[in-house]
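Student: Please take a close look at one part of this model for me. I would like the aromatic ring pairs and the core around them.

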Amino acid sequence: MADDNTTPDTKAAENGAADTPADAATKGATSGNEGADAKNSVSDLADLKDIAGDAPQGDSAEIAQRAEVPLREQELDKQGRAYATGRRKDATARVWLKPGSGKVIVNGKDQEVYFARPTLRLIINQPFTITDREGQYDVIATVRGGGLSGQAGAVKHGISQALSKYEPKLRSTIKSAGFLTRDSRVVERKKYGRAKARRSFQFSKR
């Protein structure tokens, strides 16, 4: 039997050096971090599950159908008409709109008589043109103040407002065209020392 001349230090080197207190603390911290990461991952999965539970149910067609539902309700009077007020420059128009054959009456006269210029009638019919509703609604309007151009703009503004009230689903189309916004452009005031707003008097050197 051979003599066992191995020292305790040699045995420690062969079997692996014992952990120092610093090494033990490092291992403990690493294991603690791993446990925290595992808990965080579990909580993240739970959060994802909660978020997924809040998602709308149903297929894409059903979701699209929900998106098409108008957010506003139809606003009609006792006669089944939509009423709105339109303004442009110094003109103010009261407009009543109801389904019909496309007849437009302004101050008791047909639009072709009251607005003889084709460009003015084109302005009035713009809300129906962009919404593909030409010849489907009758309009009765009373307008006061301003000239024919301002009155045509006021009637157009009132028709746009009334059409969006009768068919709320068309509001986004009319609004994107800018017809629901009152045109704030008005004539610029005359300044003292000038002939008009910006026109100067003729200059005379002598």
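Tutor: Start with a cut-off. A residue counts as buried when its relative accessible area is under 20%. By that cut-off, both Tyr 137 and Tyr 166 are buried. Keep in mind that the model is predicted.

Now the rings. A pair of aromatic rings is described by the distance of the centres and the angle of the planes. The structure holds four aromatic pairs. One of them joins Tyr 137 and Tyr 166. Their centres are 5.4 Å apart, with 80° between the planes. That makes the pair edge-to-face. Tyr 137 sits in strand E5 and Tyr 166 in helix H7. The two are 29 residues apart, and their pair links distant parts of the chain. Phe 128 joins in as well: ring pairs link Phe 128, Tyr 137 and Tyr 166 into a cluster.

Another pair is formed by Tyr 114 and Phe 115. It is also edge-to-face, at 4.9 Å centre to centre and 80° between the planes. Tyr 114 and Phe 115 are buried.

Next, the core. In soluble globular proteins, nonpolar side chains tend to be buried together. Here the largest nonpolar core has 28 residues. Leu 97 and Ile 159 touch the most other members. At least two core residues come from each of strands E1 (82-88), E2 (91-99), E3 (104-106) and E5 (137-144). Helices H5 (118-124) and H7 (148-166) each supply at least two as well. H7 gives the largest share, seven residues.

Look at Ile 159 itself. Leaving out residues up to four places away in sequence, Ile 159 touches Val 95, Leu 97, Ile 124, Pro 127, Phe 128 and Val 139. Phe 128 is thus met again: it belongs to the ring cluster and touches Ile 159.

Strand E5 holds another residue to inspect, Ala 141. Why does Ala 141 count as buried? Its relative accessible area is 2%, and the cut-off is under 20%. Beyond residues up to four places away in sequence, Ala 141 touches Arg 94, Val 95, Ile 105, Val 106, Asn 107 and Val 155. Val 95 is touched by Ala 141 and by Ile 159. The C-alpha atoms of Ala 141 and Thr 85 are 9.5 Å apart, with their positions 56 residues apart along the chain.

Last, the whole protein. It has eight helices and five strands. Buried residues make up 23% of its 206 residues. Among contacts with a separation of 6 or more, 68% join residues 24 or more positions apart.

Definitions and conventions:
Residues are numbered from 1 along each chain as its sequence is written. This is a predicted model: local features need pLDDT of at least 70, side-chain atom pairs count only at pLDDT 80 or more; totals for chains, interfaces and linings use all residues. Side-chain values use heavy atoms; hydrogens and water are left out. Helices (H or I, at least four residues) and strands (E, at least two) are DSSP runs, numbered from the N terminus. Buried means under 20% relative accessible area, exposed over 50%, partly exposed in between (1.4 Å probe, protein chains only). Contact means heavy atoms within 4.5 Å. A nonpolar core is a set of buried Ala, Val, Leu, Ile, Met, Phe, Trp, Tyr and Cys residues joined through side-chain atoms within 4.5 Å. Rings of Phe, Tyr and Trp (its six-membered ring) pair if their centres lie within 6.5 Å; planes under 30 degrees apart count as stacked, over 60 as edge-to-face and the rest as tilted.
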